[in-house]
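Please look over the model below before reading on. The paragraphs after it go from the secondary structure to the sheet, the helix against it, the cores and a few side-chain details.

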Amino acid sequence: MGTTHKIIEAFCEEAFSLLAIHSSLEDHTLVYAINSLLKTRLKRGRNDLDISAEVSFPFFEWKDELNHRYWTLTTNMGSKEEYPEDQGLFQNESSQTRYHLVPEYREVDYFLKIEQDDTESEPDLVKSILSIPGIVTAYSIDSTNLKSKRNLIF
């Protein structure tokens, strides 16, 4: 008779802060502004964040060795180009299907995730991000109640 091992989900969770950013800025422009303002070094990841075989999200990261933090910025919206199967009037035209990394927050454009032990600096961080021209609003999200929390594990 074999034994069954179960991993407790709370044991695997890491402490992180999650900030929602609403902005019409392009991802590279936003990363440049954040890097300039906060003195971070976010860079485009080698690979995009793949949720499925067809849908991926641009991904920026920085490992802050000095403060023991891991920063990631990702867009909340990805798209998939699809071609219709039937031979109708628009047979050569493609359509775009949009997907959200965190469907509970469809209106959010970007998520800034900071893996760290303390979350005391969140209000100051939000205040700094709000000072970037082109940012409509930014706020902290309580990630404990997110249904799609697994999408934020990278």
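Helices and strands here are DSSP runs, with at least four residues for a helix (H or I) and at least two for a strand (E), numbered from the N terminus. The model is a predicted one. By this assignment the protein chain has three helices and 10 strands. In sequence order they give the pattern α-β-α-β-β-β-β-β-β-β-β-α-β. The protein chain has 154 residues, and 38% of them are buried. Of the contacts with a separation of 6 or more, 62% are between residues 24 or more positions apart.

Six of the strands form an open sheet in the order S2-S5-S6-S9-S1-S10, paired antiparallel. S2 and S10 are at the edges with a single partner strand each, so one side of each has no neighbour in the sheet. Strands of a sheet pair through backbone hydrogen bonds, in either the parallel or the antiparallel sense. S1 is joined to S9 by six bridges, and the two run antiparallel. In this pairing phenylalanine 16 stands opposite glutamate 115 of S9. S1 also pairs with S10, again antiparallel and over six bridges, and here leucine 18 has isoleucine 141 of S10 as its bridge partner. Further along the order, S6 and S9 run antiparallel and are joined by six bridges. One residue pair in that set is tryptophan 71 with its bridge partner in S9, isoleucine 114.

How many of the eight residues of S1 are buried? Eight of the eight are, so S1 is largely enclosed by the rest of the structure. In a regular strand the side chains alternate between the two faces of the sheet. For S1, one side carries Phe16, Leu18, Ala20 and His22, the other carries Ser17, Leu19, Ile21 and Ser23, and all of these are buried, which leaves both faces covered.

Which strands do the buried residues of H2 pack against? They pack against S1 (16-23), S5 (59-64), S6 (69-75), S9 (110-115) and S10 (135-141). The helix itself covers residues 27-38, 12 residues in total, and spans 16 Å from its first C-alpha to its last, close to the 16 Å expected at 1.5 Å a residue. Its buried residues are Asp27, Leu30, Val31, Ala33, Ile34 and Asn35.

Nonpolar side chains tend to be buried together in soluble globular proteins. The largest nonpolar core in this model has 21 residues, and those that touch the most other members are Ile21, Leu30, Leu42, Leu73, Leu112 and Ile129. At least two residues of this core come from each of S1, H2, S5, S6, S9, helix H3 (122-130) and S10. H2 gives the largest share, four residues. Another core, of 15 residues, lies apart from this one, with Val55, Val102, Ile141 and Leu146 among its members. Leucine 42 shows what surrounds one residue of the largest core. Leaving out residues up to four places away in sequence, leucine 42 touches Val31, Ile34, Asn35, Phe60, Glu61, Trp62, Trp71 and Leu73.

Two of the residues touched by leucine 42, Trp62 and Trp71, also bring up the aromatic rings. A pair of such rings is described by the distance of the centres and the angle of the planes. Rings pair if their centres lie within 6.5 Å, and planes under 30 degrees apart count as stacked, over 60 as edge-to-face and the rest as tilted. By this rule there is one aromatic pair. The ring centres of tryptophan 62 and tryptophan 71 are 6.0 Å apart and the planes are at 40°, so the pair is tilted. Both tryptophans, 62 and 71, are buried. Another ring, that of phenylalanine 16, has lysine 113 over its face, at 4.8 Å from the ring centre.

Two loop residues remain. Lysine 39, just after H2, has a positive phi of about 60°, although it is not a glycine. The loop that holds lysine 39 runs between H2 and strand S2 (43-44). Is lysine 39 buried or exposed? Lysine 39 is exposed, at a relative accessible area of 63%. Histidine 68 is likewise not a glycine and has a positive phi of about 55°. Histidine 68 sits in the loop between S5 and S6 and counts as exposed at 67% relative accessibility.

Notes
Residues are numbered from 1 along each chain as its sequence is written. This is a predicted model: local features need pLDDT of at least 70, side-chain atom pairs count only at pLDDT 80 or more; totals for chains, interfaces and linings use all residues. Side-chain values use heavy atoms; hydrogens and water are left out. Buried means under 20% relative accessible area, exposed over 50%, partly exposed in between (1.4 Å probe, protein chains only). A charge sits over a ring if NZ of Lys or CZ of Arg is within 6 Å of the ring centre and within 35 degrees of the ring normal. The expected span of a helix is 1.5 Å times one less than its number of residues. Contact means heavy atoms within 4.5 Å. A nonpolar core is a set of buried Ala, Val, Leu, Ile, Met, Phe, Trp, Tyr and Cys residues joined through side-chain atoms within 4.5 Å. Two strands pair if DSSP finds at least two bridges between them.
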